[in-house]
Structures are given as C-alpha cells and as structure tokens.
Amino acid sequence: MKEKILFTFHHSHLVDTLLSKTKFTKGEIETTHFEDGELLVKTSSDVKNKECVIIESFSGDDTGTLFKVLLLVSALRMSDAKSIKLVIPYLGYSRQGTNKAGEPNSSRVIASILNSAPIDEILTCDIHNIDAIKYYRTPVTNLYLSEVFAPSVKEYLDAHGEALSDVVIVSPDRGGKDRALSFKEEIGAPKCIALEKKRDEADSVEKIKLNDDVTGKTCIIVDDIISTGKTLCAATDLLLSKGAKDVIAIISHPVISKSCLERVKNSQISSVFIGNTIEKEIDPFFNVVDISDLICEAI
C-alpha cells in the first residue's frame, strides 16, 4: 500500500502529471458548509503515519484557498499524518513586501499565517522576493525554474539561427537579478544585466532605464510574474530602441490580468515562455512550459 498521499482542492494538469509520475495516491477531500456558511474541510483518506503533500497556488483574490489549506493541514495533523509538506507553485501576495507608509507587508502576513499551521516543510517556485523567506519558521525551499525553461529557449535560439554568444539575459529590475543570473548559468549565456525600474503605484511603471550596450544582441527577459504586461512591454521597447536584434521572455507565473494579453500581443516582443504554476486558460500566444518534472524531483 502506498504511503504517500497528494491533496489538492483544484484539478490541474500539474497535479495529474505529478500523480502519474510519483508514488503518491490522490487524497480525498470533502468540503461542506454549516447553515451559517462556516466552512468544514475533512478527508476520508487514511493518513495515519503517511507522508502527505498539499499542492495549491495562492493567486489573485482566491484567499479562500489559503483558509481551506489551513483547515486541511489541521485535519491531517489531527489524523496522525507522518508529515505534511505544502507545495505552493505560485505564492501570491509576495509582491507586497516593502515597508511603505500606509501599505501592508503582505509577505510577512502570509508567512505569519502559515507559521501558525503544523506544516513540516514549504516548497515554492521563484518567489518574488527571496528575502521574504526570513519571515518563516517553517523550512522553505524556493525552486528556480531556470532548468525548466532552458530547453525551450535553446530550441527557439536554434530555430532562429541565433548564437548563444550573442545572447544577453535581462532582469527587468535589480531585485530580480539573482533569478536572471540563475538562468544565465543554466543556459550558458555570456552576460546578464539588470534594468533600473521605478513604479509610482502598483501595476504601473513610472520609469525604466538601460545602462548597458545591447546592440545586435538577442535579449532574454527573465521575470517571475506577468500581470499587466506593462513592465515586459516597456522593457522590450527600450531594448529594441537601444539596438537589440530580438527580445523574448521567460516568466514563471501567469497571473495575466484582463488587459495583459492584448498589450503583450501588440508589443514588439517575439515570444513569451511561461510556467504552469497557476491553473488557468492560457492564450496560444504564450508558450506554456510544464514544471511538473522539477516539482516531482523536489517532493
């Protein structure tokens, strides 16, 4: 009998792939409500002395998923699960991590909530601000998705006759430089640069600046989130105006707001590769890259 059980509240391609590639069975969850709307989450799976993995992304306004996960963790612990690992492919609210006057440090809030739950380990992918891990008492592993994107990007470069020696890896801001450097090492590109970006408010770009020479280069923008697409489009326009030959992008999390698709489709960017960390319908304009193998290795 298998001793590992995978739980999720949302059906997804990622979960199906994990179940087919790992020794986990799918856990049974029942979600009901009392008459006043109070939530009840329970499982009919036998979890005693078994390794349990919960996989859920926390995205957008779906804060209900976070609460469901907390109740499920409690149910599993009360049923004597051997261990509980929480896999969060996209950890939402991680963009709000600076101490600006009148604004919350949402990264710290989410960490405090998860710290209150009896979780043994947390695994996430390309967290927006790596420094946010310091808020957690629970061990956190952050997976860089560089190795997942590398084969697709190399295939693109080969198909377009673009030499790796002419590639420049670009972070859209200094905060994402480590992520870009990780991809530089993975793909073997010779150079990595960071743009300077300022925002006047959330989801808007006030100013973006380039201090490096990209003339005749193929630029690969590496970012963790695509939401409005404003940063991506502004960076693309800037790089091409400074002489770049081609611009593509790899982006971990497809948040993709309503205005994003049209904006990016109408931009000068050649191709965008995104991970399937959030289960949603993705327009064929984007090239979806499956991250399941990396998650399998990690769990």
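Here are some questions and answers about this predicted model.

Reader: Let's start with the open sheet of six strands. In what order do its strands come?
Author: Strands of a sheet pair through backbone hydrogen bonds, either parallel or antiparallel. In this open sheet the pairing is parallel. Going across its six strands, the order is β2-β1-β5-β6-β7-β8.

Reader: Which strands stand at the edges of that sheet?
Author: Look for strands with a single partner, so that one side is left without a neighbour in the sheet. Neighbouring strands here are turned by 25° against each other on average, direction ignored. The two at the edges are β2 (24–26) and β8 (140–143).

Reader: Which residue of β2 stands opposite Ile5?
Author: Strand β1 covers residues 4–7 and runs parallel to β2, with three bridges joining the two. Ile5 has its place opposite a residue in β2, and that residue is Thr25.

Reader: And helix α2, what angle does its direction make with that of β5?
Author: Helix α2 takes in residues 63–78 and packs on the sheet. There it touches β1, β6 (83–88) and β5 (51–55). With the direction of β5, the helix makes an angle of about 175°.

Reader: Is Thr124 buried or exposed?
Author: Thr124 belongs to strand β7, residues 121–125. Leaving out residues up to four places away in sequence, it touches Ile88, Pro89, Leu91, Val140, Thr141, Asn142 and Leu143. Its relative accessibility is 1%, and buried means under 20%, so Thr124 counts as buried.

Reader: How far apart in space are Thr124 and Thr277?
Author: Along the sequence, 153 residues separate Thr124 and Thr277. In space, C-alpha to C-alpha, the distance between them is 9.7 Å.

Reader: Which residues are the closest to the centre of the second largest pocket?
Author: That pocket holds about 240 Å³ of space. By class, its lining has eight polar, five nonpolar and three charged residues. Of the 16 residues in the lining, the closest to the centre are His10, Glu56, Ser57, Thr277 and Glu279.

Reader: Which helices and strands each supply at least two residues of the lining of the largest cavity?
Author: The structure has three cavities of 30 Å³ or more, and the largest holds about 60 Å³ of space. Among the residues lining the largest cavity are Asp126, Arg179 and Asp223, and the whole lining divides into five nonpolar, two polar and three charged. The elements that each supply at least two of its residues are α4 (146–159), α5 (177–187), β13 (218–225) and β14 (246–253).

Methods: Residues are numbered from 1 along each chain as its sequence is written. This is a predicted model: local features need pLDDT of at least 70, side-chain atom pairs count only at pLDDT 80 or more; totals for chains, interfaces and linings use all residues. Side-chain values use heavy atoms; hydrogens and water are left out. Two strands pair if DSSP finds at least two bridges between them. Helices (H or I, at least four residues) and strands (E, at least two) are DSSP runs, numbered from the N terminus. Axes are lines fitted to C-alpha atoms, for helices over the stretch in contact, and angles run from 0 to 180 degrees between N-to-C directions. Contact means heavy atoms within 4.5 Å. On a 1 Å grid over the protein atoms alone, a cavity is a set of points where a 1.4 Å probe fits but cannot get out, and a pocket is an open set with protein on both sides within 12 Å along at least five of seven lines; lining residues have an atom within 4 Å of a point. Grid points are joined across faces, edges and corners, and a volume is the space filled by probe spheres set on the points. Ala, Val, Leu, Ile, Met, Phe, Trp, Tyr, Cys and Pro count as nonpolar, Asp, Glu, Lys and Arg as charged, and the others, Gly among them, as polar. Buried means under 20% relative accessible area, exposed over 50%, partly exposed in between (1.4 Å probe, protein chains only).
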